[in-house]
Amino acid sequence: MDHFHQVAGVLHAEDVPLPRIAAEVGTPVYVYSRATLTRHARVFRDALSVLPSARIAFAVKSNPNLAVLKVLAAEGYGADVVSVGEMERALAAGMAPDSIVFSGVGKTEAEMARALEAGCGQFNLESEEEGLELAEIARRLGKTAACALRVNPDVDAGTHGKISTGKAENKFGVPYDRAAAIYARLSQTEGLQMRALALHIGSQLSKLEPLEAAFTKVGALMQDIRAAGYSVTHMDLGGGIGVPYKAGEVFPQPEEYAAMVARVTGNWGVTLMFEPGRVITGNTGVLVTRVVRVKEGATNPWVVVDAAMNDLARPALYDAWHDFAAVEPTGETFTANIVGPICESSDTFAMAREIDSVKRGDLAVFRTAGAYGATMANTYNSRPLVPEVMVDGDKWAVVADRIEPATILAAERVPDWLA
Ligand SMILES: *Cc1c(COP(=O)(O)O)cnc(C)c1O
């Protein structure tokens with residue numbers, strides 16, 4: 001459910017007509033609905049309230065906008081971060097350092113030191129080597145790092161290959177059959193306080209079964225580790241629940257997810273941690289774009305829009321689908337290809353799709369663009385960095401400026417020996 005809807009034939013974000021934002025900010029522009037964001041945050045949190053002890057760390061990488069993080073901080077969310085840059089954002093949004101989980105396979109020494117100094121709540125270690133390095137830094141700084149060991153459960157998440165992370169051949173975590181020994185060694189390493197296992201098997205999961213299989217596997221591992229005499233007080237179950245990108249698709253509901261977690265983890269006796277990203281932010285945003293022109297094609301017309309793969313990379317990266325809708329639909333439809341202006345054939349949003357009829361100058365949206373949208377944007381083809389707007393009832397504000405090519409050009413230097 002979201003708060004993007006038609007009012008008198010014009011698509012609105014909550015109470016604000018999208019043409020008003022487009023007129024004042026220009027296009028392309030991401031528009032987020034605060035009411036949708038708050039609602040998703042609450043639905044997920046409330047669903048988990050059936051569990052004895054749950055903490056939620058929002059996966060910042062799905063939407064790191066400061067205003068978005070502020071809303072989630074107010075809803076009691078911590079953060080799952082994969083770089084110091086993301087950690088600084090979470091702190092800037094007012095999230096408690098203790099509520100921050102530092103994930104990622106390539107944390108640098110400088111990042112680990114900064115996170116220790118900031119009081120980061122948990123490091124999710126992806127290897128024994130990383131644990132030993134972190135321990136050394138912690139000892140040097142006179143700190144103890146609370147840690148989880150990320151396990152690769154070798155479960156197929158059944159999602160797109162490029163967003164699968166829990167198969168043995170993926171780079172993430174330590175191999176399942178070596179995890180107990182590594183946990184034991186790291187538990188005996190001064191500077192670390194091993195407290196959890198962590199897993200995250202992939203993103204945009206459409207079924208609960210792979211998650212259930214993975215949770216069951218790491219639950220057994222947890223019991224082995226305890227039987228060997230080591231402490232496990234937390235378990236980090238990651239994120240990964242998918243959202244419908246096409247009208248009519250059905251995905252696991254937070255209550256179904258929570259019921260499955262309760263069933264699997266009932267006797268674990270731990271604090272459970274969760275790292276949802278897309279399920280919180282996916283439906284909270286649309287990318288508003290304007291049709292540059294409609295060009296005749298060999299089979300179907302090409303609808304050339306002013307948004308491109310640099311603004312919304314998912315279709316080019318993962319063949320992802322985003323519903324496309326006219327802001328002021330006429331009721332007519334046609335079959336067309338939707339493309340951006342970038343000089344790459346991968347700058348394609350849809351081929352041979354039946355869409356609202358649009359013509360030059362019309363506004364349209366790509367839906368479900370709140371997760372892995374603006375955050376993946378870049379300036380390829382010397383295009384501006386796309387701006388972001390948040391709507392709250394009848395209020396709205398620019399929450400990330402458009403960065404113009406001139407600003408980027410101003411950061412480039414011609415060395416003396418070329419002048
Ligand atoms: C990306 C990621 C998440 C969030 O994934 P979603 O599919 O957006 O829920 C959670 N944890 C880790 C470690 C991640 O890398």
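Here is a short conversation about the two domains of this model and its ligand.

Author: Welcome! This is a predicted model, where local features need pLDDT of at least 70, side-chain atom pairs count only at pLDDT 80 or more, and totals for chains, interfaces and linings use all residues. Residues are numbered from 1 along each chain as its sequence is written, and side-chain values use heavy atoms, with hydrogens and water left out.

Reader: Where do the bounds of domain 1 and domain 2 come from?

Author: They come from an automatic or database domain assignment. Domain 1 covers 4-32 + 282-410, and domain 2 covers 34-280. Their centres, taken over C-alpha atoms, are 32 Å apart.

Reader: How many residues of domain 1 and domain 2 take part in the contact?

Author: Domain 1 gives 23 residues and domain 2 gives 24, where contact means heavy atoms within 4.5 Å.

Reader: What area do domain 1 and domain 2 bury between them?

Author: About 2100 Å², with 56% of it on carbon and sulfur atoms. Buried area is the accessible area (1.4 Å probe) that two parts lose on being put together, summed over both. In domain 1, Tyr 318, Tyr 372 and Met 390 lose the most area to domain 2, together 27% of what that side buries.

Reader: Why is the pair Arg 34 and Asp 392 called a salt bridge?

Author: A salt bridge is a side-chain nitrogen of Lys or Arg within 4 Å of a carboxyl oxygen of Asp or Glu. The side chains of Arg 34 and Asp 392 meet at 3.3 Å, N to O, so the pair qualifies. The count between domain 1 and domain 2 is one salt bridge, while a search of the whole structure finds 14. Arg 34 lies in helix H2 (residues 34-48) and Asp 392 in strand S20, so this pair ties together parts that are 358 residues apart in sequence. Helices (H or I, at least four residues) and strands (E, at least two) are DSSP runs, numbered from the N terminus.

Reader: Which residues are the closest to the ligand?

Author: Lys 61, Ser 203, Glu 275, Arg 278 and Tyr 372 are the closest of the 14 residues that surround the ligand, each residue having a heavy atom within 4 Å of it.

Reader: What makes Lys 61 and Glu 275 polar contacts of the ligand?

Author: A polar contact is a pair of N or O atoms within 3.5 Å; within protein, one must be able to donate a hydrogen and the other to accept it, and residues adjacent in sequence count only if both atoms are side-chain atoms. An oxygen atom of the ligand is 2.7 Å from an N or O atom in the Lys 61 side chain, and a polar side-chain atom of Glu 275 lies 2.6 Å from a ligand nitrogen. Both pairs therefore meet the cut-off.
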